[in-house]
Structure formats: C-alpha cells, structure tokens
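Q: I am new to this structure and would like a close look at a single part of it. Please take one loop and the helix before it, and then show how they sit in the rest of the chain.

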Amino acid sequence: MPAMDSYTSLVSSPMTLAQRKHLLKQLQDASTISSLRRPEILMDFFVDSLDMGDLALAVPALTGLFHLITTRNLDYPSFYPRLYALLDKDLLHSKYRSRVLRHLDVFLSPTNHLPAATVASFIKRLSRLCLFAPPSAIVAIIPFIYNLLKTHPTTTFMIHRNPYPPYTKFKYNLGNDPYDPTEPDPQLTGAIDSSLWELETCQSHYHPTVASIARIISEQFTKQQYNLEDFLDHGYASMMESEFKKQDKKPPVVEYKIPKKIFSDASDDEAENEKGEDPLMDLWTFD
C-alpha cells in the first residue's frame with residue numbers, strides 16, 4: 001500500500017522534465033509496475049509523457065504502455081499508430097536509434113499476433129527511411145527487416161513483387177507506389193500491396209558494407225535470424241575500422257598507359273603539331 005500511495009501521488013503531481021525522465025526510468029522495471037495494486041493508474045502518466053513529443057520520454061512511455069497492454073489487458077488502440085509515428089528520418093540520426101530498434105523488436109514480435117498489413121507498414125517505413133539514413137543506421141535496419149520478413153511470412157510478397165508496372169506508370173517512375181507514407185494508421189497505408197524497392201536501391205549504395213548487407217534481401221532466406229546486437233551499435237568509427245582491417249583479395253586495376261592529353265579530338269600526331277596554339281588545351285597536356 002505505501003508503494004501504491006507513493007506512485008499515485010508522484011504520477012499525479014507536477015514535475016520537471018528531469019523528474020519525469022527519472023520516474024519513467026524507474027517504471028521500466030516490470031517488477032515495479034507489478035508491485036502496484038492497481039497498475040492501471042500509470043496509464044494516464046504514460047500517455048501524457050508520450051504526448052510531450054520528446055523521444056527520450058516516448059520510448060519508455062511506450063514500453064510501460066506495452067507492459068500494461070500485455071499483462072493487464074489494457075485497451076489502448078493508438079499504441080501501434082503512436083509507435084509508427086516515431087519512425088522518422090530524425091530518429092535514425094539520434095542517439096536513441098538503437099534503443100528504439102531493440103524495443104521495436106519486442107513490440108513487433110510474432111507472439112503479439114499483429115495483422116500482416118500492420119507489420120508490412122513498419123517494414124515499408126523502415127525501408128523508406130533507408131534512403132535518408134546514415135550507413136551506420138542502414139546496416140542495422142536491413143537485418144531487422146530480414147528478421148521481420150522471416151518471422152512474418154505473409155509479408156514476404158513485398159520482396160517478390162516487381163516494383164515496376166503495373167505498380168508504376170513508367171519503369172523508373174515510382175510515383176504510383178501504393179504505399180501512402182502520409183497515412184498515420186499502419187493498418188491503412190497500403191504497404192502490403194507495395195514492394196521493397198528501397199532495399200534494392202541500397203544494393204547500389206556508395207558504402208560497400210551497406211551494399212553488401214542490402215543484397216541479403218535478394219538472396220535465399222537460409223539464415224534463421226540475425227542477431228541484432230551485432231549491428232545496433234555500429235557507428236562511423238567502427239565501420240571505418242572494419243574497412244581498414246579488410247584484406248584486398250586482388251590488387252585494384254590501374255591504367256598502365258598515361259595519355260598525353262585528356263581533352264583532344266585530334267589524333268596524336270595532329271595534337272603534337274597543334275601544341276602551343278591553344279593555351280587552355282596546353283594546360284591538360286602531360287609531357
């Protein structure tokens with residue numbers, strides 16, 4: 001009863017942002033919530049924290065709500081739309097990226113029996129974000145998408161569907177993608193009828209590690225699952241270090257014959273005779 005009274009008074013009292021963060025951190029422990037006689041009293045506190053729009057508050061607030069939904073049968077239909085709204089391009093550049101992906105792995109678990117359309121929306125949103133994400137984020141997102149496709153087989157149509165006609169008017173115009181990125185409800189985005197052309201685009205990424213990982217979507221799904229912890233904490237420093245440690249399988253191809261001129265429409269003999277007549281062209285002559 002004292003714990004019940006203390007948390008009841010805390011969540012209903014005015015508090016600073018730092019105090020709210022500290023209280024949310026304490027409530028991440030499932031045993032703390034379970035120790036309350038009526039854990040439902042925390043629902044309004046979690047929702048209010050989520051409404052503040054701070055990512056540092058939103059993630060633990062969603063975790064608390066998810067615990068109430070799964071253990072206390074709390075009815076909160078907006079949970080997955082609110083979770084879906086968190087996935088934007090700013091998230092992939094923030095320090096909370098790894099934390100969100102870890103929680104997302106739990107929220108989208110097949111044991112939650114989510115509709116295929118909802119899971120497809122999260123897969124499509126993450127795929128679209130890969131077009132704007134830094135390489136360190138993409139190398140974590142693609143294995144995460146692989147795991148989702150593996151655990152939700154009904155969404156694998158998205159990788160087998162051709163991204164070109166009839167889903168687009170022209171071969172290189174993707175404006176008719178049936179996925180609606182502005183739709184806030186993941187059940188209604190139309191992602192299940194779309195394709196993962198964004199991941200195919202990543203196969204031509206400038207970073208070789210990203211391009212290599214993106215190719216797993218086009219190969220046979222023989223691996224059961226990827227361990228996300230191997231990818232979540234990658235940054236520019238770790239990716240550069242791994243590139244420096246790689247051994248070249250064969251020496252790079254170089255030009256063995258140095259041309260005398262870079263810009264010249266004339267033959268070599270004519271170019272020699274015309275030397276000195278055009279000062280601009282002479283700047284590009286290597287003798």
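A: Asn73 has a relative accessibility of 70%, and because exposed means over 50%, this residue counts as exposed. The model is a predicted one. Asn73 belongs to the loop that runs between helix 5 and helix 6 (79-86). Its phi is positive, about 55°, although the residue is not a glycine. This positive phi comes just after helix 5.

A second residue can be set beside Asn73. His113 also is not a glycine, and its phi is positive at about 55°. It is found in the loop between helix 7 (97-107) and helix 8. With 69% relative accessibility, His113 counts as exposed.

Back to the helix that ends before Asn73. Helix 5 covers residues 55-72, which makes 18 residues. From its first C-alpha to its last it reaches 25 Å, close to the 26 Å expected at 1.5 Å a residue. At its N-terminal end, helix 5 is capped by Asp54. A side-chain oxygen of Asp54 lies 2.9 Å from the backbone nitrogen of Ala56. Of the 18 residues of helix 5, 14 are buried, so the helix is largely enclosed by the rest of the structure.

Helix 8, which follows the loop of His113, can be described in the same terms. It has 14 residues, 116-129, and should span 20 Å at 1.5 Å a residue; the C-alpha atoms at its ends are 20 Å apart, which agrees. Helix 8 is mostly covered, with 13 of its 14 residues buried.

The aromatic rings come next. The structure holds 10 aromatic pairs. In one of them, Phe45 and Phe46 have ring centres 6.0 Å apart and planes at 50°, so this pair is tilted. Phe45 has 3% relative accessibility and counts as buried. Phe46, at 0%, counts as buried too. Another tilted pair is formed by Phe66 and Phe107, with 4.8 Å from centre to centre and 55° between the planes. This pair links distant parts of the chain: Phe66 is in helix 5, Phe107 is in helix 7, and the two are 41 residues apart. Both Phe66 and Phe107 are buried. Ring pairs also join Phe66 and Phe107 with Phe79, Tyr80, Tyr84 and Phe122 in a cluster.

Two lysines are placed over rings. The charged end of Lys89 sits over the ring of Phe132, at 5.8 Å from the ring centre. Lys223 lies over the face of Tyr226, and here the distance to the ring centre is 5.2 Å.

For the setting as a whole, the secondary structure comes to 15 helices and 0 strands. The protein has 287 residues, of which 41% count as buried. Among contacts with a separation of 6 or more, 69% are between residues 24 or more positions apart. The accessible surface of the protein comes to about 16900 Å², and 55% of that belongs to carbon and sulfur atoms.

To return to the part asked about: the loop after helix 5 holds Asn73, an exposed residue, while helix 5 itself is largely enclosed.

Methods
Residues are numbered from 1 along each chain as its sequence is written. This is a predicted model: local features need pLDDT of at least 70, side-chain atom pairs count only at pLDDT 80 or more; totals for chains, interfaces and linings use all residues. Side-chain values use heavy atoms; hydrogens and water are left out. Helices (H or I, at least four residues) and strands (E, at least two) are DSSP runs, numbered from the N terminus. The expected span of a helix is 1.5 Å times one less than its number of residues. Buried means under 20% relative accessible area, exposed over 50%, partly exposed in between (1.4 Å probe, protein chains only). A polar contact is a pair of N or O atoms within 3.5 Å; within protein, one must be able to donate a hydrogen and the other to accept it, and residues adjacent in sequence count only if both atoms are side-chain atoms. Rings of Phe, Tyr and Trp (its six-membered ring) pair if their centres lie within 6.5 Å; planes under 30 degrees apart count as stacked, over 60 as edge-to-face and the rest as tilted. A charge sits over a ring if NZ of Lys or CZ of Arg is within 6 Å of the ring centre and within 35 degrees of the ring normal. Contact means heavy atoms within 4.5 Å. Accessible areas come from the Shrake-Rupley method with a 1.4 Å probe; for residues, only the protein chains shown count as cover.
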